[in-house]
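Biologist: I should be grateful for a close look at a single helix of this model. Please describe the helix itself, what it lies against, and what follows it in the chain.

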Amino acid sequence: MATSSSEKQPIPEKSSKAKTRRPTLPHGDRPLEHPHLNLDRGVRAAIARLSAGVSVHAFIEAWTDWAFHMCESPGRQFELAERARQNALKLAGHLANLGTDVVPPFAPKPYDHRFEYPGWLKPPFQMWQQGFLAVQDWWDHATDHLRGLRPEDADRTRFMARQALDTVSPSNFPSLNPEIIAATVATGGRNLTEGAAHFAEDLLKTLTQTHDPAPEGFRVGQALACTPGTVVFRNDLFELIQYAPQAAEVQAEPVLIVPAWIMKYYILDLSPHNSMVNYLVSQGFTVFMISWCNPTAEQADLSLEDYRRTGVMTALDAVNAIVPDRKVHAVGYCLGGTILAITTATMARQRDDRLASITLMAAQVDFAEAGELLLFVDESQVAFLEDMMWDQGYLDRPQMARTFSTIRSEDLIWSRAVRRYFLGQDDLPTDMGVWVADTTRMPARMHSQYLRSLFLENRLTAGRFAVEGRVIALKDISAPMFVIATETDHIAPWKSVYKTQLFTDCDLTFVLTSGGHNSGIVNQPGNPRSRYHASHRPTGAFYVGPDDWLAKATAREGSWWPEWKIWLEGKSSGLVPPPASGAPDRGLAPIVAAPGTFVFQT
């Protein structure tokens with residue numbers, strides 16, 4: 001039986017004085033070693049605003065490293081000369097067969113949708129497309145890993161080469177793009193005038209940093225984030241939503257969901273048909289959701305420990321007060337899963353056994369293979385971001401959005417620009433699109449700690465991540481785990497998420513589902529394209545590498561949600577009448593209807 005929350009920690013007051021101290025030191029609380037350090041930081045912060053938060057030094061260093069090692073590698077130079085000759089011969093041979101059914105020698109990458117219009121298969125457009133793809137192929141080989149070259153510099157150089165090439169793609173130019181030409185002829189040029197109006201509108205929004213409200217039919221609290229519930233607790237960091245039951249009986253153990261604070265929580269409560277929250281409640285679970293605040297400059301000093309202690313642990317105490325003497329199914333998504341893993345390891349060290357199970361969704365605990373976000377993380381880049389956050393108190397929404405967009409710039413920047421500015425098409429609203437645009441800020445101190453401790457130094461799995469002055473270990477976790485990764489995730493690559501099995505010994509079920517970082521998690525039953533692989537690792541089993549695991553894992557059609565529901569039921573103790581909303585006698589009276597107020601903070 002779970003220990004009563006009152007025996008663990010008292011429920012804190014619902015409001016506390018906002019923190020106002022702006023962080024002034026890049027590496028903790030050690031004294032300033034140089035009297036004019038803040039002058040340097042102010043200059044770098046100004047430069048950071050002009051460069052969208054990207055350290056120019058980091059990329060110059062990567063180019064220099066690549067160039068020097070390439071100069072010392074005549075064999076690789078000879079190989080690239082051969083590659084150029086081969087690509088030229090392929091292009092010449094294909095040019096002789098233009099207009100036939102011969103398969104082109106070069107193909108776009110799977111995530112590149114710029115050349116899907118059928119007109120690209122006809123001359124002369126196919127020649128321009130193939131020429132561009134041939135150059136792209138050559139640069140992919142030129143920036144491949146090279147003996148002596150730091151792998152991260154090779155990857156960063158490839159990223160920069162790709163960004164430069166994308167600016168001169170034939171799809172970006174009206175006279176070279178068959179789709180733009182066809183639209184211009186069909187509309188008499190109206191697509192270009194409408195596109196110019198769109199460009200002026202977007203430029204004005206960028207300069208004024210204004211955001212359009214969600215379109216009709218996609219309003220938060222009406223069409224999105226509309227599962228019925230009540231806010232039952234609030235402090236300066238989060239609101240806790242308790243969702244109303246939809247069954248006469250519910251599982252005895254409630255579910256507490258910890259979403260990422262980089263975005264609004266309702267990715268897990270989108271439209272009713274694809275809301276994970278609505279699905280769980282309809283299947284007989286009592287669900288609680290953390291809705292994080294959108295921090296301001298006054299909250300710049302919020303730390304990673306604040307999110308653990310005042311966030312996750314306080315929410316758990318509140319859930320225990322509302323559903324006493326029951327363990328809790330804890331669920332973490334993305335960054336929420338990372339902080340949940342830290343919290344769980346800390347609880348294990350303290351012999352706190354209030355968790356019935358742990359679910360981590362697209363969440364990393366090891367950051368050695370953290371995908372393309374590592375392109376933006378080194379000492380120079382992190383210091384640059386720290387200086388910018390020191391100046392403004394947070395990492396702002398556009399600065400984060402640009403980072404994620406450049407990782408898939410082919411689709412998120414260039415394809416959208418062509419559609420909007422040359423084809424004159426409006427962005428079609430979707431529930432996921434509205435959520436993506438509803439970004440939040442990141443407190444300066446917390447984000448600096450997150451980047452340094454996890455991304456840059458990978459302390460959690462290296463045995464160097466300390467909570468309350470003592471190192472924690474994921475191997476201390478004994479509660480059963482359900483870990484989900486997504487096949488095409490470029491934020492938390494599935495093999496990185498898979499490494500949770502390497503650093504834990506508990507009973508663990510691992511699922512690899514189709515889709516990306518968001519679409520793979522928001523994967524409701526009935527989606528005909530859904531599929532997943534699943535396996536179970538008992539406590540103490542030997543480690544199996546990801547490739548060997550995938551070769552043997554059971555492949556299944558459909559959504560992974562029903563399997564997870566069955567797993568949660570198996571870790572529960574049975575059905576009981578649903579609990580009341582809140583616990584007024586314990587200071588947790590209902591405050592306001594869901595989705596609460598923090599979700600509307602801008």
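Modeller: Contact, as used here, means heavy atoms within 4.5 Å. Axes are lines fitted to C-alpha atoms, for helices over the stretch in contact, and angles run from 0 to 180 degrees between N-to-C directions. Helices (H or I, at least four residues) and strands (E, at least two) are DSSP runs, numbered from the N terminus. The model is predicted, with local features requiring pLDDT of at least 70 and side-chain atom pairs counting only at pLDDT 80 or more, while totals for chains, interfaces and linings use all residues. Residues are numbered from 1 along each chain as its sequence is written, and side-chain values use heavy atoms, with hydrogens and water left out.

The helix chosen is α11, which lies across β4 (255–258), β6 (328–333) and β7 and runs at about 140° to β6. It has 15 residues, and from its first C-alpha to its last it reaches 21 Å, close to the 21 Å expected at 1.5 Å a residue; the expected span is 1.5 Å times one less than the number of residues. Helix α11 is mostly covered, with 15 of its 15 residues buried, where buried means under 20% relative accessible area, exposed over 50%, and partly exposed in between (1.4 Å probe, protein chains only).

After α11 comes arginine 351, whose phi is positive, near 60°. Aspartate 353 is placed in the loop between α11 (335–349) and β7 (355–361). This aspartate 353 counts as partly exposed because its relative accessibility is 36%. In space, aspartate 353 and alanine 479 are 8.2 Å apart, C-alpha to C-alpha, although 126 residues separate them in sequence.

The strands beneath this description belong to an open sheet of 11 strands with mixed pairing, in the order β15-β14-β13-β12-β7-β6-β4-β5-β2-β1-β17; two strands pair if DSSP finds at least two bridges between them. At the edges stand β15 (554–557) and β17 (592–593), each with a single partner strand, so one side of each has no neighbour in the sheet. Strands β12 (residues 481–486) and β13 (residues 508–513) run parallel and are joined by six bridges. Opposite valine 483 stands phenylalanine 510 in β13.

Another helix also lies against β6 and β7: α20 (residues 561–570) lies across β6, β7, β12, β13, β14 (531–537) and β15, running at about 160° to β7.
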